[in-house]
Amino acid sequence: MVETILVTGATGNAGNEVIKQLLAPAFSSSGHNRIKAAFHSQNKVDKLKRDSKKVEIVNIDYDKAQTIADAK
């Protein structure tokens, strides 16, 4: 069963570290997780896109319900 892990604030210090840990071999070797990184600042997400092809990027605006639904 594949589970999705959504990391909010993915471009911040804590969120970025969470993603690094999720991508570490000890955690990612099971292959049972899909990682999504949520952001609201486009200028910071470009670095995240370059750093990892294993993370799905989603834009979340908490004022727009549809963007939250898209993150599922």
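Helix 1, spanning residues 13-23, lies across strand 1, strand 2 and strand 3, and its direction makes an angle of about 155° with that of strand 1. The model shown here is a predicted one, and the helix is a convenient place from which to begin reading it.

Within helix 1, the residues Gly15, Ile19 and Leu22 are buried. Seen around the helix axis, these residues cover an arc of only 60°, which puts them on the same side of helix 1. A general property of helices helps in reading this pattern: an α-helix has 3.6 residues a turn, so residues three or four places apart point the same way. On the face of helix 1 that is turned away from its buried side, the exposed residues Asn13 and Ala14 are found.

The strands that helix 1 lies across can be taken next. They belong to an open sheet of 3 strands, arranged in the order 1-2-3 and paired in parallel. Strand 1 and strand 3 are the edge strands, each of them pairing on one side only, and from one strand to the next the twist averages 30°. Strand 1, residues 3-7, is joined to strand 2 by 5 bridges, and the two run parallel; in this pairing, threonine 4 stands opposite arginine 34 of strand 2. Strand 2 also pairs with strand 3, residues 55-59, again in the parallel sense and over 5 bridges, and here alanine 37 has isoleucine 57 in strand 3 as its bridge partner.

How enclosed is strand 2 by the rest of the structure? Of the 7 residues that make up strand 2 (residues 33-39), 5 are buried, so this strand is largely enclosed by the rest of the structure. Asparagine 33, which is found in strand 2, is partly exposed, with a relative accessible area of 29%, a value that falls between the 20% limit for buried and the 50% limit for exposed residues. Leaving aside residues up to four places away in sequence, asparagine 33 touches Val2, Glu3, Ile5 and Phe27. With valine 2 the separation is 31 residues in sequence, yet the two C-alpha atoms are 5.3 Å apart in space.

Strand 2 also takes part in a charged contact. A search of the whole structure finds 1 salt bridge, formed between glutamate 56 and lysine 36, whose closest N and O atoms are 3.8 Å apart. Because glutamate 56 lies in strand 3 and lysine 36 in strand 2, the pair ties together parts that are 20 residues apart in sequence. Are the two partners buried or partly exposed? Lysine 36 counts as buried, at 3% relative accessibility, whereas glutamate 56, at 35% relative accessibility, counts as partly exposed.

A last stop is helix 4, residues 65-70, in which threonine 67 lies. Threonine 67 is buried, with a relative accessible area of 18%, which places this residue under the 20% cut-off for that class. A polar atom of the threonine 67 side chain lies 2.7 Å from the backbone oxygen of lysine 64. When residues up to four places away in sequence are not counted, threonine 67 touches Asn59, Ile60 and Asp61. Residues 55-59 form strand 3, so the path through the model comes back to the sheet at this point.

Conventions:
Residues numbered from 1 in each chain as written. Predicted model: local features only at pLDDT ≥ 70, side-chain atom pairs only at ≥ 80, totals over all residues. Heavy atoms only, no water. Buried < 20%, exposed > 50% of the residue type's maximum accessible area, 1.4 Å probe, protein only. Helix = DSSP H or I, 4+ residues; strand = E, 2+ residues; numbered from the N terminus. Pairing = 2+ DSSP bridges. Axes fitted to C-alpha atoms, helices over the stretch in contact; angles between N-to-C directions. Contact = heavy atoms within 4.5 Å. Polar contact = N/O pair within 3.5 Å; in protein donor to acceptor, adjacent residues only side chain to side chain. Salt bridge = Lys/Arg side-chain N within 4 Å of Asp/Glu carboxyl O. Arc of directions from axis to C-beta.
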